[in-house]
Amino acid sequence: MAEERKEEQLDLFELQKPVIKGYPELRWTGKRPYTSTQFYPAQMKEKYGEPDEKGWMNKIYWGDNLQVMSHLLRDYRGKVKLIYIDPPFDSKADYKKKIKLKGKEVETDNNSFEEKQYGDIWTNDEYLQFMYERLILLRELLSDDGCIYLHCDWHKAAHLKLLMDEVFGHDAMLNEIIRKYSVGGKGENFFARKHDTIFLYTKTKGNYTFNSDDIRIAFTPHKQDKSGTNYGGRMGIDENGRPYVEKWGTGKKKLYRYYLDVGKVPEDVWEIDDDKEFNEKINEKLMEIKQIVQNGGLDDDVWDTQTIQSAAKERTDYPTQKPESLLERIIKVSSNKNDIVFDCFMGSGTTQAVALKLGRRFLGADINLCAVQTTTRRLINIINDSNLLSERKTGFEVYNVNNYDFFRNPIEARELLIEALNIQPFSASNVFDGELDGRNVKILPVNRIATKADLGELVANLPYKAYEKRREENQNEPVDRITLICMGHEPDLKAGFEQMVGTFKIDIEIVDILREKSALEFKREATAKIDLKHDELVIKEFYPMNLLQKLSIQKENVDEWRQLVDSIMIDYNYDGETLNPQIIDIPEKNDMVKGKYNIPKNHGKIKVKITDLLSESLEVEVK
């Protein structure tokens, strides 16, 4: 098995080179071609529900999406019909989620806090290289008759448009869709920013799915003047009582009649109601039109996609969550049942949730553990929803790519590594993170594989004057000894560093956490006390130490451990590898887990997974 995994790691995929001859090309400092990638293994950790009639199981992946997509190339290259991505906007902000104890109405410092989920702060060059590489892999996964939607805002829309042109081709663009909304974006010294941009590109010009009849909306005319005409045409009702609008065709002496009960295909400015189904909205509007058309006027209809109502069932409280109605339109128009839909910036799992409801197959990925847990919980609820039983919902599997579960929270990775490796930390102002065994230590980003671009800031700030002095004193000795710590890296990272420092001789060592992790021990364990008597499993105690520390609570002061728990899952026939829970306890937002569960007499090995409010989990085999 180990030999097979080693061979898999060496598998390389050649990637198609972008063709930009004759078109503008976006340049940035350190732009590097991305022409190949290697296979990264994935480990199935959990399984929920059953496959469809053809054996398909939906899949979500926890890990760096560059590694996830490199893994997917083996089986899904050219097979994904629809891609929707809502990547980082480079908004220069940190996004947080409110964490509060279950069953608590009054919030105090000891029962609530804000936990950073991910940062959206980049240097310009770092962001562009990050997106460039991922767009190239997305193109490789997209089918020849597929479409890709890229959701962004004013921060990077112009840059991303040029990147999409370079990767997919200028002629592959179908639409620049404006997603209009009414809240947020206030400004005193500039015009209020009230829209996002969604770029729609195809893989092959003229060969793609566009189910226009599946997304028709109510045809709402502009307000009439006294003569009965309006900017959208003349309104009327035919002999069968059907309201219509008559319009002259552009540049043609021909009158077209549009029936309102048929609806229209949306234009490229979208104002979508996030609370109601499209058909309900259309029916309401048609009834309104039939009444108002005879009275000479109808105001414009505004449908808002910005917010999800606080009481909405789909609300997860995940930052930047998009409404299901937005994804419903995209998935309906650009895919058919059983087509594969992919979102590699999964977030709260809206793409996956809507795909599941609409009978599409899906793949999803995210680097954030909370995103994976939120999506898992959301999909389980859909599968178990009695209102959706008209069509059996296909189950899904949860994978870690490249053993990504090593870091539960990448945001805390630096502190965890310093503690685990016994590094003597330096102040935040130092170019290095600390010192270990006489070597300067630099911790590179561990939420993705390290590249030469990650070395730029380090190399620019090295103490070159001190290096020159050391070289003069002893030309045969290295001027510095540096250890780089990373979680996977480009094969030529060391050579790239040596080239960047020029003539200075530096003893460089790279520590890949994925390979060396067996030697590390992290002090972040949760503890639990679980009893199994007379076929009843009882969880008596659960203390997640990270969560308690953030709440500034000692475990002796916890009144009820269930206040700390998001969900409990129990597999009473655990096969030793994949958690396939038969008991799933996911309470409503402010409710608490039961803590007591009946287990069949003929049970096998029992494994319990307890997930706390930080989305960190303790998995225990019960004897």
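In this predicted model, Trp-28 counts as buried, at 7% relative accessibility. The ring partner of Trp-28 is Tyr-132: the two ring centres lie 5.6 Å apart and the planes meet at 75°, so the pair is edge-to-face. Trp-28 sits in the loop between strand 1 (12-14) and strand 2 (36-38), while Tyr-132 belongs to helix 3 (residues 124-141), so this contact ties together parts that are 104 residues apart in sequence. Tyr-132 is buried as well, with a relative accessibility of 5%. A charged neighbour joins the picture here, as Lys-31 lies over the face of Tyr-132, at 5.2 Å from the ring centre. A second lysine placed over a ring is Lys-59, found over the face of Trp-56 at 4.5 Å from the ring centre.

The contact between Trp-28 and Tyr-132 is an aromatic pair, and a search of the whole structure finds nine aromatic pairs. Another of these joins Tyr-464 and Tyr-467, again edge-to-face, with 6.0 Å from centre to centre and 85° between the planes. Both tyrosines lie in helix 11 (residues 464-473); because they are three residues apart there, about one helical turn separates them. Their surroundings can be read from the accessible areas. Tyr-464 is partly exposed, with a relative accessible area of 24%, whereas Tyr-467 counts as buried at 0%. The two tyrosines do not stand alone, for ring pairs link Tyr-464, Tyr-467 and Phe-504 into a cluster.

Charged side chains come next. The search of the whole structure finds 28 salt bridges. In one of them, the side chains of Glu-509 and Arg-439 meet at 3.5 Å, N to O. This pair links distant parts of the chain, with Glu-509 in strand 22 (residues 506-512) and Arg-439 in strand 20 (residues 439-443), 70 residues apart. The two ends of the bridge fall into separate accessibility classes: the relative accessible area of Glu-509 is 35%, so Glu-509 is partly exposed, while Arg-439 has 13% and counts as buried, because buried means under 20%.

A further salt bridge joins Arg-481 to Glu-477, the closest N and O atoms being 3.3 Å apart. Here Arg-481 is partly exposed, with a relative accessible area of 34%, and Glu-477 is likewise partly exposed, at 38%. These residues belong to a wider arrangement, in which Arg-439, Glu-477, Arg-481, Asp-507 and Glu-509 are linked in a network of salt bridges.

The side chains of Arg-562 and Glu-560 also meet in a salt bridge, at 3.4 Å from N to O. Arg-562 is partly exposed, with a relative accessible area of 22%, and Glu-560 counts as partly exposed too, at 24%.

Finally, the cysteines deserve a look. A disulfide is a covalent bond between the sulfur atoms of two cysteines. The search of the whole structure finds zero disulfides. Among the cysteines, Cys-147 counts as buried at 1% relative accessibility, and Cys-370 is buried with a relative accessible area of 5%.

Technical notes
Residues are numbered from 1 along each chain as its sequence is written. This is a predicted model: local features need pLDDT of at least 70, side-chain atom pairs count only at pLDDT 80 or more; totals for chains, interfaces and linings use all residues. Side-chain values use heavy atoms; hydrogens and water are left out. A disulfide is a pair of cysteine sulfur atoms within 2.5 Å. Buried means under 20% relative accessible area, exposed over 50%, partly exposed in between (1.4 Å probe, protein chains only). A salt bridge is a side-chain nitrogen of Lys or Arg within 4 Å of a carboxyl oxygen of Asp or Glu. Helices (H or I, at least four residues) and strands (E, at least two) are DSSP runs, numbered from the N terminus. Rings of Phe, Tyr and Trp (its six-membered ring) pair if their centres lie within 6.5 Å; planes under 30 degrees apart count as stacked, over 60 as edge-to-face and the rest as tilted. A charge sits over a ring if NZ of Lys or CZ of Arg is within 6 Å of the ring centre and within 35 degrees of the ring normal.
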